[in-house]
Every structure is written in C-alpha cells, then in structure tokens.
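This briefing is meant for a reader meeting the structure for the first time. Please keep the sequence and the model in view while going through the points below.

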Amino acid sequence: MEPVLLALTAAALIAGGIAWLAGVRALAGGFWAAGTVIAIVPATAWMVDALRRGRAGVDLIAVLALAGTLATREYLAGALIALMLSTGRWLDAAAERRASHDLRHLLEHAPRSARRRTGDRIDTVSLAEVGIGDLLVVGPGEVVPVDGRVDSGSALLDESVLTGESLHVERIAGDSVRSGGVNAGSAFDLRATATEQDSTYAEIVRLARQAGAQNAPVVRLADRYAAWFLPLSLAVAGLAWLISGSAVRAVAVLVVATPCPLLLAAPVAIVSGLSRAARQGVVVRDGAALETLGRARTLVLDKTGTLTTGRPRVLDIAAAPGRTPDEVLTLAASVDQYSPHVLAQALTDEAHARRLPLRPAHDVTEEPGRGATGRVGTTTVGVGRHDVHPLPGWARTADNRAALDGAAVAWVTVDGRLSGAVLLRDPLRTDAPRTIRRLRQAGIRRVLMLTGDRTEPAQEIAAVLGLDDLHARQSPADKVAAVRAERERAVTVMVGDGVNDAPALAAADVGVAMGARGSSASSEAADVILTTDRVDHLADASVIAVRARHIAVQSALAGMTMSLAAMVAAAFGLLPPAAGALLQEGIDVTVILNALRALRLDRSARVCVEPATQQLLHRFAGEHDDLRDVVEAVRQAADLLSDTTGPDALRTVRHVDRLLEERLLPHEQAEENDLYPALAAALGGPETTATMSRAHTEIHRLARRIGTHLQLADAEGGLQPGQLDDLRACLYGLHSVLRLHFIQEEENYFSLTP
C-alpha cells in the first residue's frame with residue numbers, strides 16, 4: 001500500500017504545482033485537496049487501528065492536521081502533509097525491509113530437501129524423512145541439509161551464513177559439518193548425525209522467526225513519548241488558536257507535530273541491530289533481549305565449554321626412567337583409541353598431532369572410574385587410575401605438577417608397572433581474555449564465574465582473566481540463586497552451554513547460550529544464541545546492542561526535540577503550514593536515516609584483519625600446535641639435568657639444541673619477518689608488536705646461550721659443574737618465556753581470526 005499511496009500523493013502535489021505555474025489556481029487547489037483527501041483515508045484507518053490497540057499516537061495528530069488544512073483551505077500544506085505521511089510510511093517500510101534483510105535471508109536459505117544415497121541409487125527426499133545414519137550426497141552449490149560428518153574425502157564449505165566469516169573452511173573425512181553451510185567445492189558424502197529438527201540450522205531458523213523489535217523496552221519508551229506528545233501538541237495548537245485567534249496557526253502547529261515515522265525510528269534501530277548481530281553469527285530472540293543486553297552491567301559465566309574449550313587437551317607427559325614421552329603416549333593412545341571417554345579422545349588426538357603411529361590393541365576392557373586396559377603386542381597396558389603405593393620420585397613430581405596446574409592425570413601402566421603419566425587440562429579459550437576486555441569497554445562492570453568444577457582450576461582461570469568473583473562446585477540450583485542475587489544489583493547476563501546451565505540462563509535478564517556445541521536445553525532457555533564456537537561473538541553482540549539502543553534513543557529524542565522547537569515557532573506565527581510541512585518532512589527523513597546507522601559495524605570495536613593476514617595467522621597457529629613438543633622437550637631436559645649430569649643429560653640437551661635450531665628458531669624468525677609486519681597495519685603500527693618482538697630476541701638469546709654451553713662441554717669433554725646452574729636456568733627460563741610468548745600470541749593475535 002505504501003508505494004501506491006506515495007505515488008498518488010506525489011502525483012497530486014506535482015499536478016497542482018504545474019497547474020499553479022500555469023496560472024490555473026483553482027485547479028491547483030483541487031489537485032492539492034485531492035491529495036489531502038487521498039491521504040486522510042488511510043491515516044484515519046491507521047488511527048482507528050491504533051486506538052483499538054489502546055495507542056493514541058501520532059496518527060491522530062496526522063488526521064487532525066490533514067482535516068485542519070482542508071477546513072482552513074490550506075490545500076498546499078495538506079498536500080505536503082499527505083506526501084510527508086506517505087513518504088514516511090514508505091521510508092519506514094523500506095527501512096525495516098532493509099534492516100531485517102539478514103534475518104529473512106536466514107529463512108530463505110533454509111534447506112528443504114536432501115539427496116539420500118541407498119546402494120547405487122540417489123533419491124531426493126524431504127528433510128523430514130532423513131534419519132540419523134543416512135548417507136547423503138551434497139552437490140556443488142548445495143546447502144548442507146542436516147548436521148553430520150564427512151563420510152569420505154573432503155568438503156570445502158562456505159559457512160558465512162552461520163558464522164559471518166567469508167573465508168571457506170575445509171572439512172576432512174570424519175569432521176563434523178553443520179547444516180546451513182554451502183558446498184563451495186566438489187560433491188561429498190555426508191553421514192547424518194541429527195534429524196532436521198535437531199540440526200543447527202533448524203534451531204537458528206526457529207530463533208530467527210521469533211526475532212522482532214515490537215517488544216523492546218526502548219520501543220515501548222517511544223510509545224510513552226507519543227502518549228504525552230499528543231496532548232502537548234493539542235494543547236499548544238489550542239493555545240495558539242486561542243491567543244492569536246488564527247486557526248491557521250493551530251493547523252501549523254499540528255502540521256509540524258505530525259512525525260509519523262519519527263517514533264518508528266526506534267524499532268528501525270532495534271531491528272537493524274538484530275540484523276547486524278545475525279551477520280556476526282549471533283541470533284537474538286527479540287528486540288527486548290537486544291535492548292536489555294545493551295543495558296547489562298553484570299556478566300555471569302560458566303567455565304567449562306564457555307571460558308574453556310570444553311575439550312581436555314594434553315598438558316604434559318611424564319615418563320618413567322628408561323621410557324620416552326612419545327613411547328608412553330603411543331601405548332596409552334593405542335588402548336584409548338577404542339574408548340569413547342572424553343579424556344581418551346584427548347590422548348588419541350595428541351598422538352595424531354604428534355604423528356605417532358598407533359598400534360592395534362586387543363582384549364580392551366574399560367571399567368568406569370578406573371580406565372581402560374588392553375594388550376598391545378605382548379604387553380598389557382592400562383590407562384587411568386593406579387594402585388601403586390608409594391609413588392616413585394618421578395611420579396610424585398608429576399602428581400605435584402598436576403595439583404599445581406589443576407590438571408587431571410591419566411596414569412599409564414605397562415605389565416602392572418607404573419610407566420608414565422599424561423597430564424590433561426581443559427584449556428582456556430584463546431579469545432576469552434580479549435572478550436572480557438571488550439565487554440568491560442562496552443559497559444560491563446562486574447564479571448564472575450559459576451562452575452561445578454573444583455576450586456583450584458577455577459581460581460587459575462579467574463586469575464588469568466581478571467574476574468571479579470568466582471563460585472566453584474555449584475549445582476544448577478546454586479547457579480540460579482547466584483544469578484538471582486546478581487539481578488537484584490544490576491541487569492545481569494548469564495552465559496553457558498550445558499544442560500545444567502539452562503535454569504540459570506532462564507533466571508537471568510539475558511541468557512546467552514553457546515549454541516555451536518552447547519545443549520539444546522540451554523539454547524531453548526536462552527535469549528541470545530552464539531551460533532559459532534567462539535565466545536568473542538558475545539562481545540560483538542554486546543557492542544551491537546549498546547550501539548543500537550543508543551541510536552534508538554538518540555533518534556527518538558532528537559526528532560522529538562526538533563518537532564517541539566518547530567511547534568513553538570508555528571505557535572508564534574513564524575512558520576506557516578506549508579513551510580512547516582516541508583520542515584517536518586526533513587526531520588522525519590533525518591531520524592529514520594540516523595536509525596539505519598545501527599546496521600553498520602562499528603569498525604573501532606573490533607580489529608579487522610585482511611584475508612592474507614588471516615592465512616598467516618592460521619599458518620602460525622598450526623605451527624604452534626606442532627611446536628608444543630619442542631617446548632615440553634626444553635622443560636624435560638632441564639628436569640633431567642637436575643637429576644643427573646651424565647651422558648644421557650648431555651644427549652638430551654643436544655637433542656633440544658637441534659630442535660631449537662631446526663624447528664623453533666626458524667618459526668620465530670618467520671613470525672618476525674612475515675606475520676608481525678602484516679599485523680602492524682591492522683593493529684595500528686609497528687609499536688603494537690614491539691613487546692612480542694622483544695620476546696623473540698630473548699628466545700634467540702637463550703637458545704644461543706644453550707648452544708654456547710654445548711660448545712664448552714665439547715671442549716671440556718662433558719658438562720662441567722660450573723655450567724650446570726646456568727644451563728638449567730637457561731632451559732627453565734626458555735621454557736617459561738616460550739610458554740608465555742605462545743599464550744600471548746594465541747590470545748592477542750591468533751584469536752583475531754576464525
């Protein structure tokens with residue numbers, strides 16, 4: 001209807017203008033009066049609809065203004081108001097279409113069928129017919145229909161609709177694939193792991209259908225503005241007529257008090273914010289959640305799966321005398337490759353990362369709470385708990401380190417003898433520190449952690465992130481009570497991913513679920529869903545929410561202020577109806593366009609990295625994973641040097657020296673020459689990487705010092721007592737510098753890319 005109304009009112013105004021220029025004033029007035037009548041009919045309908053819903057807003061002012069121009073024969077002013085009204089309605093409709101484009105795109109992108117392979121046949125079936133375990137074919141350009149795993153070969157996917165990232169991702173055989181991604185490569189087979197309703201994209205679509213701005217408090221605020229703006233407008237118009245005795249002044253006041261699209265700028269800003277969030281991989285249920293997120297001052301976070309990856313990772317491997325860490329890991333992973341336990345998966349992943357060949361195990365059994373046992377070759381290998389007492393010295397050292405680091409221990413026995421220990425820990429997400437900093441910049445004043453985990457690992461995470469408080473060993477009921485207590489002090493956001501987090505998410509002002517790998521229960525209870533497995537998108541959502549709310553309030557208040565000033569001018573006879581109509585048209589267009597600014601991403605809120613730099617970040621992040629064994633070898637050499645100074649210790653130090661020269665130092669030099677200059681442009685100049693460059697210098701200095709000690713040992717026929725303290729200090733120091741340097745790079749640089 002809006003385009004038709006705009007065309008008719010514009011045609012009437014233009015035709016009247018032509019007639020007026022031709023000197024046919026009566027015909028001009030007739031055209032302008034017709035345009036006024038054309039507009040007053042739908043305006044009356046809108047007014048009645050608003051009154052029926054209990055909202056006496058600016059539509060009533062528009063009807064009174066149009067009627068007033070007809071009564072006072074101000075036909076030109078009436079035609080201008082008609083054009084203003086129709087233009088505002090059309091502009092508002094266009095703005096909402098523009099703002100909600102990304103949400104509609106989610107719905108339009110949803111897959112509706114799948115191609116199922118049965119033997120040599122491929123049949124097209126509806127998604128409702130796809131079951132878990134079905135083998136599906138995803139052709140080039142097709143949307144992945146359900147969640148699954150790549151069955152064979154590899155898949156190149158465009159997941160921008162899910163993550164907002166434009167770079168294609170590659171999935172190899174066995175990797176998980178989420179529905180909604182587009183196959184950007186050749187056809188591949190997909191083994192379904194979920195039905196249509198339980199798949200990722202179906203959940204996103206369900207949430208997108210609920211998204212809207214009609215319930216946002218800031219939008220209700222705009223309605224409250226209209227509640228007092230209407231009687232004020234009528235009072236000013238009445239006073240102007242009463243004092244001056246001129247009905248024209250009253251009409252002029254009503255003309256400039258007709259900001260029909262003005263108060264609609266608030267919902268346009270909120271819908272724009274929803275759209276912007278959807279592009280960043282964040283689905284917000286409705287405008288109320290977005291607006292509340294923009295007012296939040298307290299953030300409550302779960303630990304496992306939210307601040308940490310939720311996937312345990314090997315921290316260190318301790319080997320008994322006579323065995324090596326790689327040998328211990330090979331034996332443990334050979335048995336654990338048959339176990340579904342999450343710690344077993346961590347061991348096999350580490351073995352694959354180190355490219356260790358796993359051996360077949362036989363007679364594998366698993367006892368809950370004890371671990372797995374199996375036969376590898378002619379030896380019996382156990383992985384899990386142990387019954388050895390007292391512990392030998394090397395095992396006590398490993399046990400102490402596990403306690404200090406908050407790590408779990410998988411003990412490895414060979415033929416009943418304790419032979420090694422694998423330390424495992426759920427690592428902190430590399431993007432978590434940056435996320436906390438950005439959230440504080442966005443207005444969050446208090447950050448605390450609730451976890452069901454032990455106090456020791458929780459304290460370490462809290463210390464690294466600089467959290468304000470933590471509560472460990474929390475049950476779901478404890479979490480709900482803690483969230484409710486925080487709500488009494490400030491608007492509170494709760495972030496979690498597990499089933500046990502669902503009650504706390506529902507209890508918060510805004511519940512945020514890690515939807516990529518989180519439970520469906522937490523997603524159902526949440527107001528905001530992060531569709532990617534990255535917690536930094538929470539900071540994106542918070543920044544977008546704060547900005548959208550600010551723009552919404554700014555648009556409403558600015559428009560109201562300008563209208564009030566124009567009303568005063570019209571009441572004193574300084575603004576005739578026709579000029580007032582033109583002025584109000586400009587005000588309305590201005591605030592609507594201002595509201596659309598919420599669609600744009602605030603570039604200052606997040607570092608933007610060029611695709612070429614992203615590739616470098618991916619490359620060096622992968623090298624960090626490959627170099628973890630080198631870092632641990634440095635520590636192991638220092639430990640061995642503390643126990644013995646014989647030929648074995650010297651050989652170990654020589655091995656470390658070769659690893660440094662052949663693998664670690666070339667990596668550090670490549671970072672200095674290739675990565676840091678590329679990052680400098682994105683981060684604001686070379687000074688931003690100067691501290692990390694200084695760490696490179698220290699790593700090279702310590703490596704040279706270790707090499708010098710080896711040269712002295714060669715000259716003297718072995719390590720001398722006077723060398724030992726300094727050599728141990730160099731090795732321990734290098735290990736500490738490397739660990740800190742790797743963590744800093746991963747948190748500050750590698751976390752910039754998906």
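**A buried threonine and its surroundings**

T306 has a relative accessible area of 0% and is therefore buried. This residue belongs to a predicted model, and its place is in helix α12, which covers residues 303–307. The points that follow begin with the protein as a whole, and then come back to T306 before turning to strands, a serine and a pair of rings.

**The protein as a whole**

- The protein is built with 26 helices and 22 strands, and of its 754 residues 52% are buried.
- Among the contacts in the protein with a separation of 6 or more, 70% are between residues that lie 24 or more positions apart.
- The accessible surface of the protein amounts to about 32,400 Å², and carbon and sulfur atoms account for 55% of that surface.

**Around T306**

- Leaving aside residues up to four places away in sequence, T306 touches L301, R429, V495, G496, D497, M514 and V535.
- One of these residues, V535, is 229 residues away from T306 in sequence, while the C-alpha atoms of T306 and V535 are 6.8 Å apart in space.
- Several of the residues touched by T306 return in the strands described next: L301 is paired with V495 of β20, and G496 is paired with A513 of β21.

**The open sheet and strand β20**

- Seven strands make up an open sheet with mixed pairing, and their order is β10-β22-β21-β20-β11-β18-β19.
- At the edges of this sheet stand β10 (282–284) and β19 (469–471), and because each has a single partner strand, one side of each is left without a neighbour in the sheet.
- From one strand to the next, the twist of the sheet averages 20°.
- Strand β11 (residues 298–302) runs parallel to strand β20 (residues 492–496), and 4 bridges join them; within this pairing V300 has M494 as its bridge partner in β20, and L301 has V495.
- Strand β21 (residues 510–514) also pairs with β20 in the parallel sense, again over 4 bridges, and here the bridge partner of G496 is A513 in β21.
- How many of the residues of β20 are buried? The count is 5 of the 5, so β20 is largely enclosed by the rest of the structure.
- Both faces of β20 are covered, with T492, M494 and G496 buried on one side and V493 and V495 buried on the other.

**Strand β5 and its partners**

- Which residues of strand β5 (residues 154–158) point to the buried face? A155 and L157 point to one face and are buried, whereas S154, L156 and D158 point to the other face and are not buried.
- In general, side chains in a regular strand alternate between the two faces of the sheet.
- β5 pairs in the antiparallel sense with strand β6 (residues 169–172) over 4 bridges, and it pairs in the antiparallel sense with strand β8 (residues 182–183) over 2 bridges.
- L157 takes part in both pairings, since its bridge partner in β6 is V169 and its bridge partner in β8 is N183.

**The serine S334**

- S334 is found in helix α13, which spans residues 325–336, and because its relative accessibility is 0%, S334 counts as buried.
- A polar atom of the side chain of S334 lies 2.6 Å from the backbone oxygen of T330.
- Not counting residues up to four places away in sequence, S334 touches L358, R359, A361 and V376.

**Aromatic pairs**

- The structure holds 2 aromatic pairs, and one of them is formed by Y676 and Y749, whose rings are edge-to-face at 5.7 Å centre to centre, with 75° between the planes.
- This pair links distant parts of the chain, for Y676 lies in helix α24 (residues 647–683) and Y749 in the segment after α26 (721–748), and the two are 73 residues apart.
- Are Y676 and Y749 buried or exposed? Both Y676 and Y749 are buried.

Key. Residues are numbered from 1 along each chain as its sequence is written. This is a predicted model: local features need pLDDT of at least 70, side-chain atom pairs count only at pLDDT 80 or more; totals for chains, interfaces and linings use all residues. Side-chain values use heavy atoms; hydrogens and water are left out. Rings of Phe, Tyr and Trp (its six-membered ring) pair if their centres lie within 6.5 Å; planes under 30 degrees apart count as stacked, over 60 as edge-to-face and the rest as tilted. Buried means under 20% relative accessible area, exposed over 50%, partly exposed in between (1.4 Å probe, protein chains only). Contact means heavy atoms within 4.5 Å. A polar contact is a pair of N or O atoms within 3.5 Å; within protein, one must be able to donate a hydrogen and the other to accept it, and residues adjacent in sequence count only if both atoms are side-chain atoms. Accessible areas come from the Shrake-Rupley method with a 1.4 Å probe; for residues, only the protein chains shown count as cover. Two strands pair if DSSP finds at least two bridges between them. Axes are lines fitted to C-alpha atoms, for helices over the stretch in contact, and angles run from 0 to 180 degrees between N-to-C directions.
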